[in-house]
Amino acid sequence: MIAVDVDACTGCALCLGSCPFGAISMVREKASVDREICTLCGACVEICPDGAISIKKADIISSEGKDVLIFAEQRGGELARVSLELLGVGRGLATDCGSTLHAFIIGENLQVVSEKLIHCGAQVVHPVDLPGLSDYRTSTYTQIACSIITRLRPGIVLFGATARGRDLAPRVAQRLNTGLTADCTELSIDPVEKILLQTRPTFGGNIMATIITPSRRPQMATVREGVMELPEPDVTLTGLVKPFAMETPLEGIHEFCEVIHEKRRAVTLGKAKIIVAGGRGVGSPQGFELLGQLADLLGGEVAGSRVAVEKQWIERERQVGQTGSAVAPDLYIACGISGSVQHRAGIKGARVVAAINTDPDAPIFHRANFGIVGDVREIIPLLIAALKS
Amino acid sequence: MKIIVCVKQVPDTNDVKTDVETGRIIREGVVSMVNPDDRHAMEEALRLRQKHGGSVIALSMGPMQAKNALMQMLAMGADEGYLLCDPLFAGSDTWATAYALGTCIQHLGLPDVILCGRQATDGDTAQVGPQLAEYLGIPQVTQVRAVVEHGAGFRVEAFMEEGYRVVKVAPPLLLTVSSECNQPRYPNMIQIVQAHRKKKVTVLSAADIGALAEFSGLNGSPTRVKRVFVPAPPPKGELFDGPPHEAVEAFIMKLKEYHLVPS
């Protein structure tokens, strides 16, 4: 399909003379292509000094209603890791639907990141590259996302379950009157009905639910960082970068918004090699001091389960699990943590898991390589003493 | 300043059981509580009322027993409680919940500030807040950790992966409050008794607020639960259940085996 970007077209009319078939005319001082006559020879694309005419390659014909679109998130110009993970899962879904994987990204100076998205699997990238768009603003981003989805009509739209993604996706879903499933741990296409199967842990863990959006479109879902596999970038992959032009003035672009960076958060659990984590069984903030000693001894970081955070035994930044951080250490020692589905989802990437728990039937032992059946309050001091000697 | 706080009653456990035969969640015998983040939302509302005057309404949607959650909010200090309760709302997903709450808020009158908890411990979606803001067409800030008065509006700090962002917003607006924001007060016996004596929870039906059946409950929900299942667990790891000192010794041997501590 041939398209003229009316915003880029200056009305120079060079293309008129270039067309061997006389398919181009000027309508309101902009080039207009008669698609009945056009043979997609590309002569006009080459001659246009403003790059306003494009031809979509045959292999990336948009299959309306079936395509997969992901929101690629940039933070200060850097791509969020989860966005690349979404490309990995999105590519598989698009293949199963016999459709194309699209990504849209909002910000400034997006050329380099657009290329990176293609190398990670995006077939068409739609950058919305305008001054003032670097900083996330709910109203502006919602308006842009809805415009893109309305014009592209994808069957599936995926967002990372990040601070921005969790702010944006529900707003978009409500505006488009469609379904949204949070924090999916598995996404697949039903082979018969060809609809998206969105599986997530629910009711505080231990139970999985598969959610569908039977009749509304697009089918929307969010995915936590670290849950899906990160695709290896392949620089030989090619795709189309198709800047998206907003047809309506941007809403809320001048609203005050400032991002303050905090070093404290930069020390993420995600990069720790050894993590000693505690849950309900630790019993007190003092218990966490002991875990801290053990972590120091092993050269690791201390972390907590959701229960421990809710009881304020440890700060929220150190929460591991689906609602906290996903971690991938060499060693994860779970102390007094029963191990809900959500907690286990957060330690999927751990190489070795060791557990200490009084309940021999605690789910954590099914994830653990080895463990001790016992009270952490008794075991940890013994462990510290033994490691010291 | 008129404030509405949205409250959810959630099971007080992370260990919900399912009926293996039907895949249904067993709710009988499960103790309920007010969703923890919602208590922080109420605390913030009470703080705003103290500063600006006005009233605080606690609003919940759920079964009749969710009245208990609202009574707790009244004891904390809310002026009025409203429970949206109708079989028509059963099976609502987050879209339909936002529709029901939004329709109810329009019926009660749009307040200056709507406060929600960051997320609920049962569904964990964090979606209803922003969806409600969108339904009402008002701005939102999610995962708020501090609210500071600023001119006619607020200067709000909200969680971001890099640290936090500062947003300036003016009413009407919706905030989802995280636990870092404040320390919720606990009502004393007198406040609990007073709430039961002097304050009341008004129960509203779908008809009362003019909610339409086609947008409500399971019928109005864009999503469906196709299947609920308990995943088959992988086999257990090697367990040491002997005397503590022996278990610790075996544990350290394992760490050495995996080259996680120097041997």
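Visitor: What share of the contacts in chain A with a separation of 6 or more comes from residues 24 or more positions apart?

Guide: Such residue pairs account for 64% of those contacts in chain A. Two residues are in contact if their C-beta atoms, placed from the backbone, lie within 7 Å. This is a predicted model, in which local features need pLDDT of at least 70 and side-chain atom pairs count only at pLDDT 80 or more, while totals for chains, interfaces and linings use all residues. Residues are numbered from 1 along each chain as its sequence is written, and chains are lettered from A and ligands numbered from 1 in the order in which they are written.

Visitor: Which helix and strand counts describe chain A, and what are its dimensions along the principal axes?

Guide: Chain A has 12 helices and 22 strands, where helices (H or I, at least four residues) and strands (E, at least two) are DSSP runs numbered from the N terminus. Its C-alpha atoms fill a box of roughly 85 × 45 × 40 Å. The domain assignment, which is automatic or taken from a database, gives chain A domain 1 (2–55), domain 2 (59–241) and domain 3 (266–388). The centres of domains 1 and 2 of chain A, taken over C-alpha atoms, are 32 Å apart.

Visitor: Why is Arg28(A) classed as it is, buried or exposed?

Guide: Arg28(A) has 7 C-beta neighbours inside 10 Å and therefore counts as exposed. The limits are 12 or fewer other C-beta atoms within 10 Å for exposed, 20 or more for buried, and partly exposed in between, with C-beta atoms placed from the backbone. Arg28(A) lies in the loop between strand 2 (24–27) and strand 3 (30–33) of chain A. Although not a glycine, Arg28(A) has a positive phi of about 50 degrees.

Visitor: What makes Arg153(A) fall into its own exposure class?

Guide: Its count is 15 C-beta neighbours inside 10 Å, so Arg153(A) is partly exposed. Arg153(A) is found in the loop between helix 5 (138–152) and strand 10 (156–160) of chain A, and this non-glycine residue also has a positive phi of about 50 degrees. For chain A as a whole, 53% of the 389 residues count as buried. In helix 4 (residues 111–119) of chain A the buried residues are Val113(A), Ser114(A), Lys116(A), Leu117(A) and Ile118(A). Gly121(A), which follows that helix, has a positive phi near 125 degrees.

Visitor: How do you know which peptide bonds before Pro218(A) and Pro172(B) are cis or trans?

Guide: Omega is the value to consult. It is about 0 degrees between Arg217(A) and Pro218(A), a cis bond, and about -5 degrees between Pro171(B) and Pro172(B), also cis. Pro218(A) sits in the loop between strand 14 and strand 15 (219–223) of chain A. Pro172(B) sits in the loop between strand 9 (163–169) and strand 10 (173–177) of chain B.

Visitor: What makes strand 12 of chain A and strand 12 of chain B edge strands?

Guide: The sheet in question is open, with 4 strands in the order 12(A)-13(A)-14(A)-12(B) and antiparallel pairing. Strand 12 (186–189) of chain A and strand 12 (224–229) of chain B each pair on one side only and are its edges. From one strand to the next, the twist averages 25 degrees.

Visitor: Why are strand 14 of chain A and strand 12 of chain B called paired?

Guide: Pairing requires at least two DSSP bridges between two strands. Strand 14 (residues 207–212) of chain A and strand 12 of chain B share 5 bridges and run antiparallel, so they pass this test. Ala209(A) stands opposite Val228(B) there. Strand 22 (residues 370–373) of chain A and strand 13 of chain B run parallel with 3 bridges, and Gly371(A) has Leu239(B) as its bridge partner.

Visitor: How many residues of each chain meet at the interface, and what is the make-up of the side of chain B?

Guide: In all, 68 residues of chain B are in contact with 67 residues of chain A. Helix 8 of chain B gives the largest share of its side, 8 residues. That side divides into 33 nonpolar, 17 polar and 18 charged residues; Ala, Val, Leu, Ile, Met, Phe, Trp, Tyr, Cys and Pro count as nonpolar, Asp, Glu, Lys and Arg as charged, and the others, Gly among them, as polar.

Definitions and conventions. Axes are lines fitted to C-alpha atoms, for helices over the stretch in contact, and angles run from 0 to 180 degrees between N-to-C directions.
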